[in-house]
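Visitor: I have a two-chain model open and would like to learn how to read it. Could you walk me through the features?
Guide: Gladly; let us look together.

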Amino acid sequence: MTDQHEMEESQHHVVSPMIYIIIGGSLLVLTGLTVFASFLELGIFNPIVALAIACVKAVLVVLFFMHVKYSSKLTKLTVFCGLFTFIALIGMTLMDYFSRAWGRW
Amino acid sequence: MSDSTRVAHGTADSLHTGGHEEHPAYLRHHFENVEQQADAAGFAMWLFLLTEVMFFGGMFTAYLIYRNWYYPAFVEASHQLNVVWGTLNTAVLITSSFTMAMGVWCAEVRKQAGLVLCLVLTFILGLAFLGIKTVEYKEKIEKHHVPGFHYSLKSFTNPQSDPEIYKEYHDKPLGVDMARHTEIYFSLYFAMTGMHALHMIIGIAILGFMIFRARAGAYTSGHVTFVENFGLYWHFVDIIWIFLFPLLYLISRHAN
């Protein structure tokens with residue numbers, strides 16, 4: 001039983017609570033930052049900064065809270081493929097909507 | 001997210017001459033070992049989450065297109081949302097994600113009391129989020145900002161009629177044509193936050209079930225798959241909110 005337990009331990013990475021505390025803290029700080037940034041006059045960069053901070057937060061959650069950093073290659077590939085498909089679909093849709101009427105007004 | 005259920009061993013045993021080697025009760029017979037079983041469950045959970053990404057993705061795409069077309073309406077409509085409530089709710093949800101992550105850790109190192117505590121905290125924070133959301137929805141209903149139900153353009157065609165918002169942002173009156181498009185903003189607002197809230201409600205219901213199972217010691221004997229995969233679901237719901245918050249609440253908060 002102890003042998004088997006050790007085997008599990010070696011293959012299944014247990015993320016330490018310290019990492020969760022650091023990530024949770026940074027997520028709260030980034031939330032404050034995005035609210036602060038939204039009150040600044042940045043013109044076109046307001047939505048870009050907001051989305052960039054949201055993406056950083058999402059990546060932190062996926063990598064650490066969702067353990068993808070410590071997961072198998074299969075999981076990493078699955079997550080990457082999903083995001084790639086999502087970005088391709090949303091990107092192509094938006095390109096179509098924003099460019100279809102170009103030059104017609 | 002399959003929980004451990006006992007598999008009838010009778011027929012399987014007679015096929016494998018020599019019987020089966022000692023293995024934990026939660027290892028199902030069609031898996032080689034515990035590791036493979038956990039990997040398969042995790043993979044399936046991620047596939048489910050990707051379908052969820054596509055589901056919410058459709059609404060995010062609709063949001064981006066309409067925001068691009070009717071930007072002035074989106075700015076003034078988003079001024080109706082309360083940043084303080086929104087920020088507080090984001091903090092509540094991130095904290096609940098943290099307690100959930102700690103719950104998974106407790107299950108992995110077999111700390112039953114810690115796991116129950118973490119699940120209860122996550123449960124309470126989830127309810128707190130929904131409570132704050134209810135306060136916000138109530139305000140929208142009172143102001144007639146629910147699309148399709150006596151929707152009122154007054155706050156947008158005549159911003160001064162809404163002094164609380166006006167003193168902060170000094171919005172200029174919108175023409176009726178543009179003001180009408182605030183209804184699209186609120187349709188998206190209710191569709192997106194409503195679907196998000198539905199996911200929270202489902203999550204909280206599962207959490208309630210898990211608290212009972214955890215108290216019985218179901219997750220602290222080495223089989224953490226259910227807790228781990230529920231954690232993935234809960235963090236996913238958190239990520240959706242991480243994007244909803246800046247997109248819906250923080251469109252243009254600087255005074256013009």
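Guide: First, a term for reading the fold pattern: helices and strands here are DSSP runs, numbered from the N terminus, and a helix needs at least four residues. Read that way, chain B follows the pattern α-α-α-α-α-α-α-α-α-α. Please keep in mind that this is a predicted model.

Visitor: How many helices and strands does chain B have, and what are the counts for chain A?
Guide: Chain B has 10 helices and 0 strands. Chain A comes to 4 helices and 0 strands, and from the N terminus on its elements run α-α-α-α.

Visitor: How do I judge the overall form of chain B? What is its radius of gyration?
Guide: The idea is to set the value beside what a compact globule would give. For 256 residues that would be near 18 Å, but chain B has 24 Å. The spans along the principal axes add to the picture: the C-alpha trace of chain B covers about 80 × 35 × 30 Å. Contacts are worth a look too. Among those in chain B between residues at least 6 apart in sequence, 75% join residues at least 24 apart.

Visitor: What share of each chain is buried?
Guide: In chain B, 37% of the 256 residues count as buried. In chain A, the figure is 18% of 105 residues.

Visitor: Where do the buried nonpolar residues gather, and how many residues has the largest core?
Guide: The largest nonpolar core has 71 residues, and those with the most contacts inside it are Ala101(B), Leu115(B), Leu119(B) and Val227(B). Both chains take part: helices H2 (17–38) and H3 (45–65) of chain A each supply at least two residues, as do several helices of chain B, including H4 (83–108), H5 (112–142) and H9 (182–215). The largest share, 17 residues, comes from H10(B). For a single example, take Ala101(B). Leaving aside residues up to four places away in sequence, Ala101(B) touches Tyr20(A), Phe65(A) and Gly231(B).

Visitor: How do I read a helix pair? At what angle do H9(B) and H10(B) cross?
Guide: Look at the distance between the axes and at the angle between their N-to-C directions. The axes of H9(B) and H10(B) come within 10 Å and cross at roughly 155°. Therefore H9(B) is roughly antiparallel to H10(B), as angles over 145 degrees count that way. H9(B) passes H10(B) in a left-handed crossing. Among the residues making the contact are Met192(B), His196(B) and Gly203(B) of H9(B), together with Phe230(B), Trp234(B) and Trp241(B) of H10(B).

Visitor: And which angle do H2(A) and H3(A) make?
Guide: They pack at about 170°, with their axes 10 Å apart. H2(A) is therefore roughly antiparallel to H3(A). Where the two helices meet, Ile23(A), Leu27(A) and Leu30(A) are among the residues from H2(A), and Val49(A), Ile53(A) and Leu60(A) are among those from H3(A).

Visitor: How many residues does each chain bring to the contact between chains?
Guide: Chain B brings 38 residues and chain A brings 38 residues. On the side of chain B, H2, H4 and H10 each supply at least two residues, and H2(B) gives the most, with 15 residues.

Visitor: Which residues could I follow across that contact?
Guide: Try Ala50(A) and Pro246(B). Ala50(A) lies in helix H3 of chain A, and its neighbours beyond four places in sequence are Thr34(A), Ala37(A), Ser38(A), Pro246(B) and Leu250(B). Pro246(B) lies in helix H10 of chain B. Under the same sequence limit, Pro246(B) touches Thr34(A), Ala50(A), Leu51(A) and Ala54(A).

Visitor: Is Pro246(B) buried or exposed, and why?
Guide: Pro246(B) is buried because 25 other C-beta atoms lie within 10 Å; the cut-off for buried is 20 or more. Ala50(A) is buried as well, with 22.

Visitor: What about backbone angles? What is phi of His67(A)?
Guide: Look for positive phi in residues other than glycine. His67(A) has phi near 65°, and for His150(B) the value is near 50°. His67(A) sits in the loop between H3 and H4 (73–99) of chain A, while His150(B) is in the loop between H5 and H6 (154–157) of chain B. Their surroundings contrast: His67(A) counts as buried, with 21 C-beta neighbours inside 10 Å, whereas His150(B) is exposed, with 7 other C-beta atoms within 10 Å.

How values were computed:
Residues numbered from 1 in each chain as written. Chains lettered and ligands numbered in written order. Predicted model: local features only at pLDDT ≥ 70, side-chain atom pairs only at ≥ 80, totals over all residues. Core = buried A, V, L, I, M, F, W, Y, C linked by C-beta atoms within 7 Å. Buried ≥ 20, exposed ≤ 12 C-beta atoms within 10 Å, placed from the backbone. Contact = placed C-beta atoms within 7 Å. Rg over C-alpha atoms; globule rule 2.2 N^0.38 Å. Axes fitted to C-alpha atoms, helices over the stretch in contact; angles between N-to-C directions. Parallel < 35°, antiparallel > 145°, perpendicular 65-115°, else oblique. Left-handed = near helix turned anticlockwise from the far one by under 90°.
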